[in-house]
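Please open the model in your viewer and keep the selection tool at hand. The stops below move from one buried residue to its ring partners and then onward.

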Amino acid sequence: MSTTRGPISQFIERNYLHFNAAALVDAAKGYETHLLEGGKMMITLAGAMSTAELGISLAEMIRQGKVDIISCTGANLEEDIMNLVAHSHYKRVPNYRDLSPQEEWDLLENHYNRVTDTCIPEEEAFRRLQKHIYKIWKDADTAGERYFPHEFMYKILLSGELEQYYEIDPKNSWMLAAAERNLPIIVPGWEDSTMGNIFASYVIKNEIKATTMKSGIEYMAWLADWYPKNSGGKGVGFFQIGGGIAGDFPICVVPMLYQDMEMPEIPFWSYFCQISDSTTSYGSYSGAVPNEKITWGKLDINTPKFIVESDATIVAPLIFAWVLKQ
C-alpha cells in the first residue's frame with residue numbers, strides 16, 4: 001500500500017475489495033491512470049449533487065486540474081451558488097420519508113423547497129440570486145449581447161457582488177473554483193431549472209429577449225468545436241455522476257461528429273465511468289450498461305469502462321479523494 005496517499009485512500013485500498021466497492025477502486029485507479037497518461041476528463045453532474053455539497057470535493061478537483069470540462073443540469077449550476085450564499089437558512093428534514101402531504105404543504109407555505117432531506121429557502125437562495133442575476137441578464141439584453149447560462153453565473157461570481165452573502169468557506173464552492181479557472185461548462189436543458197423558469201418569466205413579460213440566453217443547440221455546436229481540439233493523444237474521458245441529460249447530451253457529440261459531420265477519424269471517449277443507483281433496466285439510459293454505448297458510436301471496444309451501482313453522494317467524493325491522494 002502506498003504511503004504517499006492520505007488516510008481516506010488507504011482506507012479504500014484496504015477495505016474496498018469486492019463488488020461495488022471494488023468497482024469504485026477500479027474506476028478511481030482508471031481515472032488516475034487516464035490523467036497520468038495525459039488524458040483530459042469531463043465530469044457530468046445529474047440530479048442535485050450541488051445541494052448534496054459535492055463542491056467540498058469537486059472544487060479541489062477543479063483547482064488541481066483533475067477535471068477539464070463539466071456538463072451539468074441547470075439545478076446543479078445554480079444550487080452550488082445558492083448553497084454558497086444561503087447555507088445557514090437551509091433546513092434539514094431527516095424524517096423526510098415520514099412527511100404527510102400536509103407537512104409538505106406547510107414547507108411550501110414557509111417558502112422551503114425540499115430536495116430529499118434538504119429544504120432550499122426560497123427568499124435567501126432563489127430570490128437573492130434572482131435579484132442580482134436579473135441585472136446582468138438585463139444589461140446584456142440592452143447591449144445586444146448573448147451569453148451561455150454558465151457565463152452569466154461566472155459574471156455574477158467574479159463581480160464580487162455575492163461576497164456579502166457568503167455563508168460557507170468559498171473554497172467549497174465548485175462553481176467559484178470553476179469561474180476562477182474559466183472552466184468550460186455545458187448546461188443542457190437549462191430551461192427547466194429555477195433560474196431558467198425565472199428567465200422565461202421575463203421573456204413572457206417582454207422584459208428580456210429569449211435570444212439573450214444562448215441555447216442548448218449552441219452548447220452542442222460549441223462542444224463540437226472543443227472536442228476535436230482536446231481529444232488528441234490519450235483523449236477525453238467521461239466521468240458520469242448519475243444519468244439523464246447531463247450525461248446523455250455531451251456524450252453524443254462523438255457520434256454526431258462521426259456520423260453527421262462525417263469525421264470518421266474522430267476519437268471515441270477514452271475512459272468511461274458511471275456512478276448510478278439506477279439498476280439495469282429496459283429502455284433506460286441511466287440503467288444501460290456501458291457496452292450499449294458501443295453500438296451508438298460513443299465508446300470503443302477497448303475503452304476502459306466502469307459502472308458503480310451505488311449512491312453518487314457517497315461514491316463520488318471517495319473517488320475524488322483517491323484521485324487527490326487524500
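Select Y271, which counts as buried at 1% relative accessibility, where buried means under 20% relative accessible area, exposed over 50% and partly exposed in between, with a 1.4 Å probe and protein chains only. This is a predicted model, in which local features need pLDDT of at least 70 and side-chain atom pairs count only at pLDDT 80 or more, while totals for chains, interfaces and linings use all residues. Residues are numbered from 1 along each chain as its sequence is written, and side-chain values use heavy atoms, with hydrogens and water left out.

Add Y31, which is buried, as is F239. The rings of Y31 and Y271 have centres 6.1 Å apart and planes at 65°, so this pair is edge-to-face; rings of Phe, Tyr and Trp (its six-membered ring) pair if their centres lie within 6.5 Å, with planes under 30 degrees apart counted as stacked, over 60 as edge-to-face and the rest as tilted. Extend the selection to F306 and F320, since ring pairs link Y31, F239, Y271, F306 and F320 into a cluster.

Next, go to W322, where the charged end of R5 sits over the ring at 3.8 Å from its centre; the criterion is NZ of Lys or CZ of Arg within 6 Å of the ring centre and within 35 degrees of the ring normal. At Y147, K155 lies over the ring face, 4.1 Å from the ring centre.

Finally, select C72 and C252: their sulfurs are 17 Å apart, too far for a bond, and the structure holds 0 disulfides, a disulfide being a pair of cysteine sulfur atoms within 2.5 Å. C72 is buried at 0%, whereas C252 is partly exposed at 25% relative accessibility.
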